Amino acid sequence: MIIRSEILHPVVALAAWTMIIWLWMYITRIPAMRKVPGLDVNNMVGGKGSDLDTVMPGKVQWIAHNYNHLHEAPTIFYAVALVLAMVGAGDGLNACIAWAYVGLRVAHSLVQILWNRVMVRFAIFALSSIALIMLVTHAYMAVIHQHA
């Protein structure tokens, strides 16, 4: 069964954006790690990315933090968008809302990585959350409607 749905386009766009941030993170992080006195990148064992917050420049870590953020609320987006596509409700308004969500997540990434003003980030995150809540509500209504 092939599912054709407009909502799959923003799903792939956000996944691609996440991979762009992954690449950006490693292009900046590895050279920055090599510059930290006493940090032997080739022999590091264990630890987690946040351990680097105290030794790496903030602007480098902002990218890593954003990469992590792209694996939090967007996981709900992916699941809900796929549900909407599967139940035939992924076109029209829901596709538009999904594009708005992706645009807001890209804006959130750019603000966090380039400027990192917390209140601006929060406002964008809040708007993206409203879009996500709308998609979740529409998915719920579509699923309930199919079983009624």
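This is a short talk on two helix pairs, one buried alanine and one salt bridge.

Okay, so before anything else: what you have in front of you is a predicted model.

Let's start with H1 and H2. H1 covers residues 8–34, and H2 covers residues 58–69. The two pack at an angle of about 150°, and their axes sit 9 Å apart. Anything over 145 degrees counts as roughly antiparallel, so that's what we call H1 relative to H2. The crossing of H1 and H2 is left-handed.

Who makes that contact? On the H1 side you've got Thr18, Met19, Ile21, Trp22, Trp24, Met25, Thr28, Arg29 and Ala32. H2 brings Val60, Gln61, Ile63, Ala64, Asn66 and Tyr67. If you sort the H1–H2 contact by class, you get 10 nonpolar, 4 polar and 1 charged residues.

Let me pick one residue out of that list, Ala32, which lies in H1. Is Ala32 buried or exposed? Its relative accessible area is 12%, and under 20% counts as buried, so Ala32 is buried. Leaving out residues up to four places away in sequence, Ala32 touches Met56 and Val60. Take Val60: along the sequence, Ala32 and Val60 are 28 residues apart, but C-alpha to C-alpha they're 7.4 Å apart in space.

Right, second pair: H3, residues 73–86, and H5, residues 118–147. Here the packing angle is about 30°, with the axes 9 Å apart. The cut-off for roughly parallel is under 35 degrees, so H3 and H5 are roughly parallel to each other. The crossing of H3 and H5 is left-handed.

For the side chains to click on, H3 offers Ala73, Ile76, Phe77, Val80, Val83 and Leu84. They meet Phe125, Leu132, Leu135, Val136, His138, Ala139 and Val143 of H5. By class, the H3–H5 contact comes out as 12 nonpolar, 1 polar and no charged residues.

Last thing, charges. Side chains of opposite charge can pair when their charged atoms come close. How many salt bridges does the structure hold? Just 1 salt bridge. The partners are Lys48 and Asp51, and their closest N and O atoms are 3.3 Å apart. As for how open those two are, Lys48 counts as exposed at 55% relative accessibility, while Asp51 is partly exposed at 38%.

That's my tour, thanks.

Note on methods: Residues numbered from 1 in each chain as written. Predicted model: local features only at pLDDT ≥ 70, side-chain atom pairs only at ≥ 80, totals over all residues. Heavy atoms only, no water. Axes fitted to C-alpha atoms, helices over the stretch in contact; angles between N-to-C directions. Helix = DSSP H or I, 4+ residues; strand = E, 2+ residues; numbered from the N terminus. Parallel < 35°, antiparallel > 145°, perpendicular 65-115°, else oblique. Left-handed = near helix turned anticlockwise from the far one by under 90°. Contact = heavy atoms within 4.5 Å. Nonpolar A, V, L, I, M, F, W, Y, C, P; charged D, E, K, R; others polar. Salt bridge = Lys/Arg side-chain N within 4 Å of Asp/Glu carboxyl O. Buried < 20%, exposed > 50% of the residue type's maximum accessible area, 1.4 Å probe, protein only.
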